[in-house]
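This report describes one protein structure in plain terms for a first-year student. Please keep the sequence and the model in view while reading.

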Amino acid sequence: MSVKPLSIVYSTIMFVVVSALAGVLVAALFVPAAGIAGLSTRAAAGEMKSIPAALEISAQPQRSKILLGDGSVLAYVYDQNRVYVPLKKVAPVMRHAMLAIEDHRFYEHGAMDFKGTLRALIRNSTSSSGTQGGSSITQQYVKMVQVENARQAGDEAAIKAAQETTYARKIQELRYAIALEEKLSKDQILERYLNIAYFGQGNYGVEAAARYYFRTPANKLTLSQAAMLAGLVQNPDANNPVTNRAAALDRRDVVANRMAELKLITTDELKAVKAVKFDADKIRPLRNGCVGSKFPFLCQYVVKTLENTPSLGKTVEDRMNLLKRGGLTIETKIDPKTQKKAQKSVSSVVDARDPVISTMNMIEPGTGQIIAMAQSRPVMGANAKKGETYWNYSVEPSMGGIQGYQAGSTFKAFTAAAALEKGIPLSKKFNARRTMNFSGKSFESCDGRENVYGSWKVTNSTGTNGVMNMYRGAEMSVNTYFVQLELATGMCRVTKMAKKLGVKSSAPNRPLVDYYQDKPAFTLGSVEVSPLSMAEAYATFAARGIHCNPIIVSKITTRDGRKLAVPDAGCKRVISTDVADGMNKLLGSVMTKGTGRRALTADHRPQAGKTGTIDSNEAVWFVGYTPRIAGVAMISIDNQKKPFRKGKPGFRKSGVKNFQLPKSGTFLEGSGSGDAGMKIWKPTMDSYLKGIKKTGFKSPSNKVLNGRFVSMPHIGGLGIRAATKKLEKEGFTVETRYRYSSRVPRYNFIGFSPGGGRVPEFSTIYADYSRGENPAVRQARQRAAERRAEKRAEERRAKEKKAEEKKKAEAKKKAEQKKKDQEKKKKGN
């Protein structure tokens with residue numbers, strides 16, 4: 001740092017001058033108790049060099065900016081709109097104009113302009129109207145810093161004290177100014193002055209003022225512009241061109257006249273300045289914060305993230321103070337093109353004024369980076385009639401959200417994942433009857449074995465029933481299949497699976513595991529969750545079991561170029577690759593053979609997903625992913641708007657099913673695939689995936705596909721109930737089955753099937769009961785007996801016929817023989 005040296009003698013003389021001007025009594029306020037008489041020359045000089053550290057630091061409050069992935073500005077955040085620039089980036093004409101009107105001999109005198117100060121002192125001593133100016137640039141800077149420090153500390157008394165028009169305050173100011181000029185060069189002081197000065201309309205520093213009033217940087221200011229800005233510093237409110245154009249132009253001319261007097265500009269230049277009018281169209285108001293930004297709820301999520309970023313400070317207050325004053329550059333990876341497409345997809349289906357809410361969220365698997373976050377009410381504001389809101393419908397309350405939404409059958413994926421992790425294979429079969437009563441059914445909770453309380457009947461809604469494996473159950477979203485799978489897996493496993501995948505309950509008093517681990521309706525999506533957390537959970541499948549927390553900030557840079565630690569996604573494995581691969585295969589079949597077919601992307605690349613519709617049709621979902629991107633689209637009723645206010649006239653019980661939105665005109669059929677999937681998720685994904693290489697999912701092991709074989713538990717000698725209990729304890733599903741038996745009377749127990757040997761783990765063991773003899777078998781036996789009797793009768797008749805024929809033949813033979821004998825006898829006679 002280049003510092004203009006001041007001799008010890010000069011410091012001592014200045015000290016004496018100041019003391020003499022104000023009187024020994026006043027000076028004593030700033031000198032040690034020994035008083036002036038007790039000070040040596042060096043001690044006096046040392047006292048003059050004492051200076052608060054804040055005066056030496058150039059870190060004036062600056063605005064911070066939040067950037068999108070392409071480098072464009074999403075929002076500015078600040079207490080004071082300031083962009084600090086070095087002196088070399090301030091146009092020379094601006095420096096000249098400021099010095100001309102405020103302190104034209106700045107580079108010639110020391111900390112105090114003797115002429116100006118003496119003139120002010122003389123006037124003040126003879127005037128009854130109060131003290132007058134005469135301060136140098138350095139003195140003004142000292143005052144500005146003291147005011148700014150007091151403002152940052154929230155000390156109103158200190159702000160007032162720093163602006164008092166008293167000799168005591170003036171002498172302290174001068175003391176600091178003298179010391180400051182010992183440590184900083186004139187250029188350094190002028191640079192800091194130009195950056196701290198207030199220019200009105202919320203603009204601090206010459207760079208922010210130049211951009212606001214003239215849409216130009218400070219290094220390109222013209223003479224007329226520079227003169228107007230220089231004229232603002234003395235009284236930025238009274239001389240402001242926005243509120244008092246005439247006064248501003250008059251003040252500008254005063255500055256220009258002074259510059260002409262000092263031979264800094266020519267007469268012709270002076271005339272040219274006065275001929276220039278102020279162009280109010282060039283004023284560029286700068287929004288502060290997220291309201292009014294292109295994507296306000298993304299912006300809000302960034303700010304909420306920074307509130308929880310330790311590298312910005314120990315407390316939330318410290319972190320927000322640095323954000324608003326520290327001149328930070330916060331970078332995100334939000335792609336504006338994808339964000340706009342997601343927003344367009346949502347807004348083309350649901351108007352901001354419609355009585356439903358829609359969101360579309362996208363997360364990059366393996367990194368947790370939020371790629372897009374759109375909602376049907378994209379404008380942040382209080383005008384509800386125009387569809388404005390302050391709530392981010394995609395996130396939980398701690399991040400700016402208001403409530404969660406039941407996710408319906410998308411929760412079946414968590415049951416399936418927990419089942420695969422336990423060892424239950426994709427080939428697992430259940431008899432998923434259309435309606436099943438699960439009352440009293442037992443399951444494993446985190447507190448031990450429990451039973452379904454009360455009467456709980458579950459019905460399938462897709463028309464697919466009967467014996468099926470997990471593929472078919474997922475493809476057609478069969479409720480009774482997944483309730484059976486959930487009970488077989490255990491509620492503790494299922495809820496813990498959802499939690500570690502990233503699902504977040506939006507109800508603070510309903511923790512995902514503690515509250516729901518004894519509620520089997522969990523697999524049907526009874527939990528109110530944030531849409532973003534559903535994208536987070538399914539992204540874990542896409543990343544082959546690696547879970548990452550959603551992150552939006554990719555880099556934080558301080559004003560001096562230092563990198564601050566950003567929130568870590570905390571990526572870690574939460575399920576095995578085999579389980580994840582099994583889920584990808586299972587959910588992939590939903591897209592090719594099941595309810596997700598209508599949402600399949602145009603390029604038909606490998607993808608997986610799950611539809612979700614809650615029983616009352618109050619919300620429809622589609623969650624889908626490829627190995628590169630995961631996304632969730634959701635449409636839900638707004639229960640604060642007609643016709644969805646329960647208990648109010650006109651309440652619509654069927655939710656969004658067969659509902660035409662009044663503003664957008666969109667007809668909602670009430671399905672996750674048709675509404676959320678095909679209309680919102682698909683076009684957004686089609687746009688994002690263009691140009692991205694197709695990649696596939698890995699195949700799971702045979703263990704995941706078909707399970708492993710184990711020895712059948714020995715149940716010989718046990719009663720039916722004891723044997724069933726033992727089998728279920730070993731993880732087998734025991735299902736009662738009736739079959740025909742010719743040996744066992746009707747309704748009597750036949751045995752377990754299979755009855756021993758090697759069997760697939762977690763397979764179904766049937767407790768077989770007799771239905772009696774099979775009617776078909778009985779009929780066949782009767783027909784066989786009849787055929788045998790008929791055959792015997794035929795044989796008997798044939799035998800009788802043969803005997804009769806033999807008898808006739810013998811009689812004939814006898815008759816013939818008799819005849820022969822008679823003829824022979826005649827011949828003999």
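## Overall form and local features

The protein contains 27 helices and 27 strands; these are DSSP runs numbered from the N terminus, with helices (H or I) of at least four residues and strands (E) of at least two. The model is predicted, so local features need pLDDT of at least 70 and side-chain atom pairs count only at pLDDT 80 or more, while totals for chains, interfaces and linings use all residues. Residues are numbered from 1 along each chain as its sequence is written, and side-chain values use heavy atoms, with hydrogens and water left out.

Along the principal axes, the C-alpha atoms fill a box of roughly 200 × 60 × 55 Å. The radius of gyration is 45 Å, whereas a compact globule of 829 residues would have a value near 28 Å. This radius is taken over C-alpha atoms, and the globule rule is 2.2 Å times the number of residues to the power 0.38.

Of the 829 residues, 51% are buried. Buried means under 20% relative accessible area, exposed means over 50%, and partly exposed lies in between (1.4 Å probe, protein chains only). Helix α17 (residues 412–422) is mostly covered, with nine of its 11 residues buried; among them are Phe-414 and Leu-420. After α17 comes Gly-423, which has a positive phi near 115°.

By contrast, Glu-156 in helix α7 (residues 156–162) counts as exposed because its relative accessibility is 59%. Glu-156 and Asn-219 are 63 residues apart in sequence and 35 Å apart in space, C-alpha to C-alpha.

Helix α27 (residues 775–828) holds Arg-788, which is partly exposed because its relative accessible area is 46%.

Most residues other than glycine have a negative phi, and most peptide bonds are trans. The table lists local features of the backbone.

| Site | Feature | Place |
|---|---|---|
| Lys-642 to Pro-643 | cis peptide bond, omega near 5° | Pro-643: loop between β20 (630–637) and β21 (659–660) |
| Ser-753 to Pro-754 | cis peptide bond, omega about -5° | Pro-754: loop between β25 (749–753) and β26 (758–760) |
| Lys-263 | positive phi near 60° | loop between α12 (245–261) and α13 (267–275) |
| Asn-658 | positive phi near 55° | loop between β20 and β21 |

Are Lys-263 and Asn-658 exposed or partly exposed? Lys-263 counts as exposed because its relative accessibility is 72%, and Asn-658 counts as partly exposed because its value is 46%.
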